[in-house]
Amino acid sequence: MSTSMLFSPVPAVAGQTGMQKCMDGRQPDVSVPFTQTGGGNDGFPGGPNPPNGIFPGNALHVVVDESARVSISHWNTEFYGIDGKNEAATSGYPFPGWKKYANVFRMNNNPGGWVASGSDPNPWNPHFVRELNVQRCWAAPGLPVRMGVGMNDENLGDNSGSWKWTLQIWRND
């Protein structure tokens, strides 16, 4: 007489993508506070040549401290939040034609280069950080990336103050 053990089949539970977790209203897996002094350059992950830290299926969101302002001159007469000035930048700015003094970001694959993100198919175009704030669950690009952030200003050296915001990331299970 042979004996055999029977196991009840247990359905496999597939992990959720970061986008699914965000849409379900779960807490983010990563929450990184930023203080962009003078609206200067920053990014995620941090460091001079960081690895990719955002992956396909992840979702992003930014919580902005709306009271944080950057002055664009030594005279402290013009202060702006992350949306900048409602005026197109001219030549000499990092992104001519885009809003002056706005906080912008681009996605970059290490080592591949700039990556199109959001609804813009042009990988060289910036996005306003505000996009990550108004959209509850912003979809990461289809490649692993890192995110570079900076102010669209032709002279960061005369700025003071800082922007404060928190990057939230929902990761794939």
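# Exercises on a predicted fold

With a relative accessibility of 39%, N76 counts as partly exposed. Keep in mind throughout that this is a predicted model. Let's work through it together.

## Exercise 1: Unusual backbone angles

**Task.** Where are N76 and Y101 found, and is each one buried or partly exposed?

**Solution.**

Step 1. Start with a rule of thumb: most residues other than glycine have a negative phi, and most peptide bonds are trans.

Step 2. N76 is not a glycine, yet its phi is positive, about 50 degrees. Look for N76 in the loop between β4 (70-71) and β5 (79-80). Its 39% lies between the cut-offs of 20% and 50%, so N76 is partly exposed.

Step 3. Y101 also has a positive phi, near 65 degrees, and is a residue other than glycine. Y101 sits in the loop between β5 and β6. Buried means under 20%, so Y101, with a relative accessible area of 7%, is buried.

## Exercise 2: Cis peptide bonds

**Task.** Which residue is joined to P45 by a cis peptide bond, and which to P111?

**Solution.**

Step 1. Go to P45, in the loop between β2 and β3. The bond leading into P45 comes from F44 and is cis, with omega near -15 degrees.

Step 2. Now move to P111, in the loop between β6 and β7 (113-115). N110 is the partner here: the peptide bond between N110 and P111 is cis, with omega about 20 degrees.

## Exercise 3: The disulfide

**Task.** Which parts of the chain does the disulfide tie together, and is C22 buried or exposed?

**Solution.**

Step 1. Recall that a disulfide is a covalent bond between the sulfur atoms of two cysteines. The count for this model is one disulfide.

Step 2. Find the pair: C22 is joined to C137, with 2.0 Å from S to S.

Step 3. Place both ends. C22 belongs to helix α1 (residues 18-23), while C137 is in the loop between α2 and β9 (138-139), so the bond ties together parts that are 115 residues apart in sequence.

Step 4. Check the handedness. The torsion about the S-S bond is about -90 degrees, so this disulfide is left-handed.

Step 5. Check the accessibility of each end. C22 is buried at 2%, and C137 is buried at 7%.

## Exercise 4: The nonpolar core

**Task.** How many residues make up the largest nonpolar core, and which element gives the most to it?

**Solution.**

Step 1. The largest nonpolar core holds 29 residues. Those with the most contacts inside it are I54, L60, F105, M107, M147, W165 and L167.

Step 2. Now list the elements that each give two or more residues to this core: β1 (30-37), β3 (59-64), β6 (103-109), α2 (129-134), β10 (146-151) and β11 (160-170). Of the elements, β11 gives the most, with four residues.

Step 3. Zoom in on I54, which is placed in the loop between β2 and β3. Its relative accessible area is 0%, so I54 is buried.

Step 4. Set aside the neighbours within four places in sequence and look at what I54 contacts: L60, M107 and M147 are among the residues, and so are F44 and I169.

Step 5. Do the same for M107. Its contacts include I54, L60 and M147, as well as W114 and W138.

## Exercise 5: The largest pocket

**Task.** How many residues line the largest pocket, and which element gives the most to the lining?

**Solution.**

Step 1. To picture the method, think of a probe the size of a water molecule: rolling it over the atoms shows where empty space is left. The largest pocket has about 400 Å³ of space.

Step 2. There are 23 lining residues, and the closest to the centre of the pocket are D42, W114, M147, G148 and V149.

Step 3. Sort the lining by element. At least two residues come from each of β2 (42-44), β6 and β10. The most come from β10, which gives six residues.

Step 4. Sort the lining by chemistry: twelve residues are nonpolar, eight are polar and three are charged.

## Exercise 6: A helix residue and its partners

**Task.** Which residues does N133 contact, leaving aside its neighbours within four places in sequence?

**Solution.**

Step 1. Locate N133 in helix α2.

Step 2. Read off its contacts: H61, V62, V63, V64 and E66.

Step 3. For a sense of distance, take R106: N133 and R106 are 27 residues apart in sequence and 15 Å apart in space, from C-alpha to C-alpha.

Technical notes. Residues are numbered from 1 along each chain as its sequence is written. This is a predicted model: local features need pLDDT of at least 70, side-chain atom pairs count only at pLDDT 80 or more; totals for chains, interfaces and linings use all residues. Side-chain values use heavy atoms; hydrogens and water are left out. A nonpolar core is a set of buried Ala, Val, Leu, Ile, Met, Phe, Trp, Tyr and Cys residues joined through side-chain atoms within 4.5 Å. Buried means under 20% relative accessible area, exposed over 50%, partly exposed in between (1.4 Å probe, protein chains only). Contact means heavy atoms within 4.5 Å. A disulfide is a pair of cysteine sulfur atoms within 2.5 Å. On a 1 Å grid over the protein atoms alone, a cavity is a set of points where a 1.4 Å probe fits but cannot get out, and a pocket is an open set with protein on both sides within 12 Å along at least five of seven lines; lining residues have an atom within 4 Å of a point. Grid points are joined across faces, edges and corners, and a volume is the space filled by probe spheres set on the points. Ala, Val, Leu, Ile, Met, Phe, Trp, Tyr, Cys and Pro count as nonpolar, Asp, Glu, Lys and Arg as charged, and the others, Gly among them, as polar.
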